[in-house]
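Biologist: Hi! I'm new to this one, could you walk me through it?

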Amino acid sequence: MADSRAAREAAAKFANGNAPPGGSRVSGVLVVGALIVIGAAVLIYYSSRGGRGGTGGGGSDGGQLAAEKAAAFGQLVSDRIRAQYGGAHPNRIAARTIDEVGGRLVEGSREKLGGRTFEFEMLLNGDALDAYGSPNGDVFMTGGMLKNITNWRDAAALLAHEMGHILAGHVQEAMNAAPVATGGRGADLIANYDPLNAAHVTAMTNLLNTFMKTPFTPAQEAEADRFALEALTGGRYSPQALHRVLALLLEMRKTQMIAYPGRHPIDEERLKRIEAAIAEKYPDGVPEELDF
Ligand SMILES: [Zn+2]
């Protein structure tokens, strides 16, 4: 918790052009991390503008620019998530396995993805239990989550649920609607974002901080769950994994602070709805060949 706050403060201070205060709890690693995030953001914006003359133009040209801005925003979201959780996990087996599990989900639900692509990444942080989806298709899980859940099928369930949020546009929706310091809504800031404008950078930092803690609504959870159940089955995983991992997290939350249920609300009603959906699809029981 303290680390994530320090990271946010470091990022905000750099965004304002100030050096972090000496002797504070902001560690060198976090400062370097924040610098990399800001540096990467500037690079991405310049590369996404490469070969373009100015920002004018309507019609399809304007549409292309909007798509570039949306893609660049997705990249900022991904970098913000990485900065909070210590970047990529160094364990190669974990990195390769999350890739394989995600690959099975993608293969199994290809016709529902509308051409969208997904990347799966294990994050370093060993304490936080969380998972995130970025609008650009990056799906993240913390090392702490993997350590605490039962197995990779449960990880598959959480990854599939994040894919559901991404496909339904839930993150983008919330960020588009959020009020921002530069006036108007997140959508205006994303469309006009200039990484060399200090006011824009501060407003974007705040918007990304908001994203990190904004909970999804029960309706959004239900929509993401519906996709997750289908993607699990498509990937030859048992859909029961979704019920199992959410029940586990709900139980854990009774005795410890877990980040995940704060953003993805879990209650008995949601668990019952998942059970009912599985029973409806498999009235004679879930086939044994599905990986449970
Ligand atoms: Zn969710």
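Modeller: Happy to! Let's begin with strand E3: five of its five residues are buried, so E3 is largely enclosed by the rest of the structure. Keep in mind that this is a predicted model.

Biologist: Which residues of E3 are buried on each side?

Modeller: Asp-138, Phe-140 and Thr-142 are buried on one side, and Val-139 and Met-141 are buried on the other, so both faces of E3 are covered. As a general point, side chains in a regular strand alternate between the two faces of the sheet.

Biologist: Nice. And where does E3 sit in the sheet order?

Modeller: The sheet is an open one with three strands, in the order E1-E3-E2, and its pairing is mixed. E1 and E2 (131-133) are the edge strands, each pairing on one side only. From one strand to the next, the twist averages 15°.

Biologist: Mixed pairing, okay. How many bridges join E1 to E3, and do they run parallel or antiparallel?

Modeller: E1 and E3 (residues 138-142) run parallel, and five bridges join them. Some of the partners are easy to find in the viewer. Phe-120 stands opposite Val-139 in E3, Glu-121 has Phe-140 as its bridge partner, and Met-122 is matched with Met-141.

Biologist: What about E2 and E3, parallel or antiparallel?

Modeller: E2 and E3 pair in the antiparallel sense, over three bridges. There, Gly-133 has Val-139 in E3 as its bridge partner.

Biologist: How many residues lie between the strands in that hairpin?

Modeller: Four residues lie between E2 and E3 in the hairpin, and Gly-137 takes a positive phi near 100° there.

Biologist: Back to E1 for a sec. How many of its residues are buried?

Modeller: Four of the five residues of E1 (residues 119-123) are buried, so E1 is largely enclosed by the rest of the structure too.

Biologist: Which helix lies across E1, E2 and E3?

Modeller: That is helix H6 (residues 152-168), which lies across E1, E2 and E3 and runs at about 30° to E2.

Biologist: Let's switch to helices. At what angle do H11 and H13 pack?

Modeller: H11 (residues 240-253) and H13 (residues 268-281) pack at an angle of about 165°, and their axes are 9 Å apart. That angle makes H11 roughly antiparallel to H13. The crossing of H11 past H13 is left-handed.

Biologist: Which residues meet there?

Modeller: From H11 you have Gln-240, Leu-242, His-243, Leu-246 and Ala-247, and they meet Leu-271, Ile-274, Glu-275 and Ile-278 from H13. By type, the residues of this contact divide into six nonpolar, two polar and one charged.

Biologist: Zooming out, how many helices and strands does the protein chain have?

Modeller: The protein chain has 13 helices and three strands.

Biologist: And what share of the residues is buried?

Modeller: Buried residues make up 40% of the 292 residues in the protein chain.

Biologist: Last one! What share of the contacts joins residues 24 or more positions apart?

Modeller: Counting contacts in the protein chain with a separation of 6 or more, 65% are between residues 24 or more positions apart.

How values were computed:
Residues are numbered from 1 along each chain as its sequence is written. This is a predicted model: local features need pLDDT of at least 70, side-chain atom pairs count only at pLDDT 80 or more; totals for chains, interfaces and linings use all residues. Axes are lines fitted to C-alpha atoms, for helices over the stretch in contact, and angles run from 0 to 180 degrees between N-to-C directions. Helices (H or I, at least four residues) and strands (E, at least two) are DSSP runs, numbered from the N terminus. Angles under 35 degrees count as roughly parallel, over 145 as roughly antiparallel, 65 to 115 as roughly perpendicular and the rest as oblique. A crossing is left-handed if the near helix is turned anticlockwise from the far one by less than a right angle, and right-handed if clockwise. Two residues are in contact if their C-beta atoms, placed from the backbone, lie within 7 Å. Ala, Val, Leu, Ile, Met, Phe, Trp, Tyr, Cys and Pro count as nonpolar, Asp, Glu, Lys and Arg as charged, and the others, Gly among them, as polar. A residue is buried if 20 or more other C-beta atoms lie within 10 Å of its own, exposed if 12 or fewer, and partly exposed in between; C-beta atoms are placed from the backbone. Two strands pair if DSSP finds at least two bridges between them.
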